[in-house]
Amino acid sequence: MTTTQHIGAAGEILVQYRLLKLGIDSARMTTDSGIDLVVYSPLRAEAVTVQVKTQTAPSPSGGKGALSVGFYFPDDLRAEILALALLSTDQVWLFTRDEARELAQQHNAKGNRQLYWYMQQRPARGVGQAPLHAGDVEQHLLERRTAALFGVPAVTEPVGPVDA
């Protein structure tokens, strides 16, 4: 049986592996202080902090709706970058702290936000903030963000298996 600790560790290792394949050095933290990885940015010539949130696979929205993936993160996110890992497809999305806060559709009284999107067809738009679709977050895929966030060339083709 896989525990939440195993899932979280797998997500951290996936992010680290994907970065390493692009020549980006990082290190996992040994304590849980809201920062999971420290990534060296050649662009900034300094360390960048990353928190990783992981899901194993998309699930039906509301238990029986369209497939979606959602990630909870703290409102007071300490890390500069929020990395969202989906183990079933080995996909990783990178958001700056401000981007994650702005795009999060839910914010609760416990101090958590949720960023989620639908994986398949775009559902009908309801009242309020329009739901996100996988295409709306494509520009946040790890391989497309490396130049802006870490100062290494962006990759035009996905790195690793991608089953959409």
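The following paragraphs lead through the structure from its overall make-up to its strands, its aromatic pairs and its helices.

This is a predicted model, and its protein chain has three helices and nine strands. Read from the N terminus on, the elements run α-β-β-β-β-β-β-β-α-β-β-α. Of the 164 residues in the protein chain, buried residues make up 40%. The protein chain exposes about 8800 Å², and carbon and sulfur atoms supply 52% of that area. When contacts between residues at least 6 apart in sequence are considered, 55% join residues at least 24 apart.

A good place to enter the fold is strand 6, which covers residues 81-86. Six of the six residues of strand 6 are buried, so this strand is largely enclosed by the rest of the structure. Its side chains go two ways: Ile 81, Ala 83 and Ala 85 point one way from strand 6, while Leu 82, Leu 84 and Leu 86 point the other way, and all are buried. Burial here rests on a cut-off, since a residue counts as buried when its relative accessible area is under 20%.

Strand 6 has pairing partners that can be followed one at a time. Strand 3, residues 46-55, is joined to strand 6 by six bridges, and these two strands run parallel; within this pairing, Val 52 stands opposite Ala 83 of strand 6. Strand 7, residues 91-96, pairs with strand 6 in the antiparallel sense, again over six bridges, and here Leu 84 has Trp 93 of strand 7 as its bridge partner. Strand 6 and strand 7 form a hairpin with four residues between them, and in the turn Asp 90 has a positive phi of about 60°. In general terms, strands of a sheet pair through backbone hydrogen bonds, either parallel or antiparallel.

Next comes an open sheet of four strands, whose order is 4-5-9-8 and whose pairing is antiparallel. Its edge strands are strand 4 (59-60) and strand 8 (106-107), each of which pairs on one side only. Starting from the strand 4 edge, strand 4 and strand 5 pair in the antiparallel sense over two bridges, and Ser 59 has Ser 68 in strand 5 as its bridge partner. Strand 5 is then joined to strand 9 by seven bridges, with the two strands running antiparallel; one of the partnerships is that of Pro 74 with Asn 112 in strand 9. At the other edge, two bridges join strand 8 to strand 9, which also run antiparallel, and His 107 stands opposite Arg 113 in strand 9. Strand 8 and strand 9 form a hairpin with four residues between them, and Gly 111 in its turn has a positive phi of about 85°. As for burial in this sheet, six of the seven residues of strand 9 are buried, so strand 9 is largely enclosed by the rest of the structure.

The aromatic residues add another view of these strands. The structure holds four aromatic pairs. In one of them, the rings of Phe 71 and Trp 117 have their centres 5.8 Å apart and their planes at 40°, so the pair is tilted. Because Phe 71 lies in strand 5 (residues 67-74) and Trp 117 in strand 9 (residues 112-118), this pair ties together parts that are 46 residues apart in sequence. Both Phe 71 and Trp 117 are buried. The rings of Tyr 116 and Tyr 118 have their centres 6.4 Å apart with planes at 80°, so that pair is edge-to-face, and Tyr 116 and Tyr 118 are both buried as well. Beyond single pairs, Phe 71, Trp 93, Phe 95 and Trp 117 form one aromatic cluster. One member of this cluster, Trp 93, was met above as the bridge partner of Leu 84.

The helices remain. Two packed helices are described by the angle between their axes and the distance between the axes. The axes of helix 1 (residues 4-21) and helix 3 (residues 142-150) come within 11 Å and cross at roughly 70°, which means that helix 1 is roughly perpendicular to helix 3. The contact between them is made by Val 15, Arg 18 and Leu 19 of helix 1 together with Leu 142, Glu 143 and Phe 150 of helix 3.

Notes. Residues numbered from 1 in each chain as written. Heavy atoms only, no water. Buried < 20%, exposed > 50% of the residue type's maximum accessible area, 1.4 Å probe, protein only. Contact = heavy atoms within 4.5 Å. Areas by Shrake-Rupley, 256 points an atom, 1.4 Å probe, with all protein chains shown as cover. Phe/Tyr/Trp six-rings, centres within 6.5 Å; stacked < 30°, edge-to-face > 60°. Pairing = 2+ DSSP bridges. Axes fitted to C-alpha atoms, helices over the stretch in contact; angles between N-to-C directions. Parallel < 35°, antiparallel > 145°, perpendicular 65-115°, else oblique.
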